[in-house]
Amino acid sequence: KQFLFQTPTNDKVNRFVELIRLLIAQAVIFSAFVWFFAWWGYFVFWVLPIMTVGKLCSTTRAFCEHGSADDVPVYRTITGGSLRTIVLGMFKFNFHGEHHAHPAVPYTHLAETHAHLAPGEILPGGFAYVVYTNGYLGLLSEWFASVPWFARESR
């Protein structure tokens, strides 16, 4: 279920159509692997990377855009140049706070909405809007640097 039905719906027909489209797409990809490589290549080079690397990147992105050390719910926009945001912030999704504040805005215009929000502003759901300007890896490295890796013994 983690990989299916990302759009919540109670409509069984839409879920069925979505499932059929997924199965057709995967059958085409599987057939291409069989034709050009081997049947097991589909699992080793397609399914396994999606379930490991894809899931890791998705979870890391969500952690960066919503996580906070003080457990306060946030919508974080992460800027810092295209090289710092390109891998985890594809399709301008690094403008995550803007996405939550204005979900109907197409991803091509999320950067433009950035000027209309102020850091600290409370967005829908009571989440604080936060802007981090040093990219995803900068945020992760700051968080990891603050972890007490070694407990000091009291003397």
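**Close-up 1. Surroundings of L88 in the predicted model.** Leaving aside residues up to four places away in sequence, L88 touches C57, T60, R61 and Y136. The model shown here, as in the other close-ups, is predicted. Of these neighbours, C57 counts as partly exposed, with a relative accessibility of 30%, whereas Y136 is listed among the buried residues of helix α6.

**Close-up 2. The largest nonpolar core.** Seven residues make up the largest nonpolar core, namely C64, I78, L88, Y132, Y136, L139 and L140. Helix α6, which spans residues 135–145, supplies the largest share of this core, with three residues. C64, another member of the core, has a relative accessibility of 0% and therefore counts as buried, since the cut-off for that class is under 20%. A second core, separate from this one, has five residues, including Y75, A101, L117 and L123.

**Close-up 3. Helix α6 and what covers it.** The buried residues of α6 are G135, Y136, G138, L139 and L140, and of these, Y136, L139 and L140 also appear in the largest nonpolar core. The cover over the buried residues of α6 includes the helices α2 (39–66) and α3 (82–85), together with the strands β1 (74–78) and β3 (127–132).

**Close-up 4. Aromatic pairs around F45.** Across the whole structure, a search finds 11 aromatic pairs. In one of them, the ring centres of F37 and F45 lie 5.5 Å apart and their planes stand at 70°, so this pair is edge-to-face, a class that requires an angle over 60 degrees. F45 also pairs with W40, where the centres are 6.3 Å apart and the planes are at 45°, so that pair is classed as tilted. F37 is partly exposed, with a relative accessible area of 48%, and F45 likewise counts as partly exposed at 48% relative accessibility. W40, at 38% relative accessibility, is also counted as partly exposed.

**Close-up 5. An aromatic cluster.** One aromatic cluster is formed by F30, F33, W39, Y42 and F43.

**Close-up 6. Cysteines C57 and C64.** A search of the whole structure finds zero disulfides. C57, which is one of the residues touched by L88, counts as partly exposed at 30% relative accessibility, while C64 counts as buried at 0% and belongs to the largest nonpolar core.

Notes. Residues are numbered from 1 along each chain as its sequence is written. This is a predicted model: local features need pLDDT of at least 70, side-chain atom pairs count only at pLDDT 80 or more; totals for chains, interfaces and linings use all residues. Side-chain values use heavy atoms; hydrogens and water are left out. A nonpolar core is a set of buried Ala, Val, Leu, Ile, Met, Phe, Trp, Tyr and Cys residues joined through side-chain atoms within 4.5 Å. Buried means under 20% relative accessible area, exposed over 50%, partly exposed in between (1.4 Å probe, protein chains only). Helices (H or I, at least four residues) and strands (E, at least two) are DSSP runs, numbered from the N terminus. Contact means heavy atoms within 4.5 Å. Rings of Phe, Tyr and Trp (its six-membered ring) pair if their centres lie within 6.5 Å; planes under 30 degrees apart count as stacked, over 60 as edge-to-face and the rest as tilted. A disulfide is a pair of cysteine sulfur atoms within 2.5 Å.
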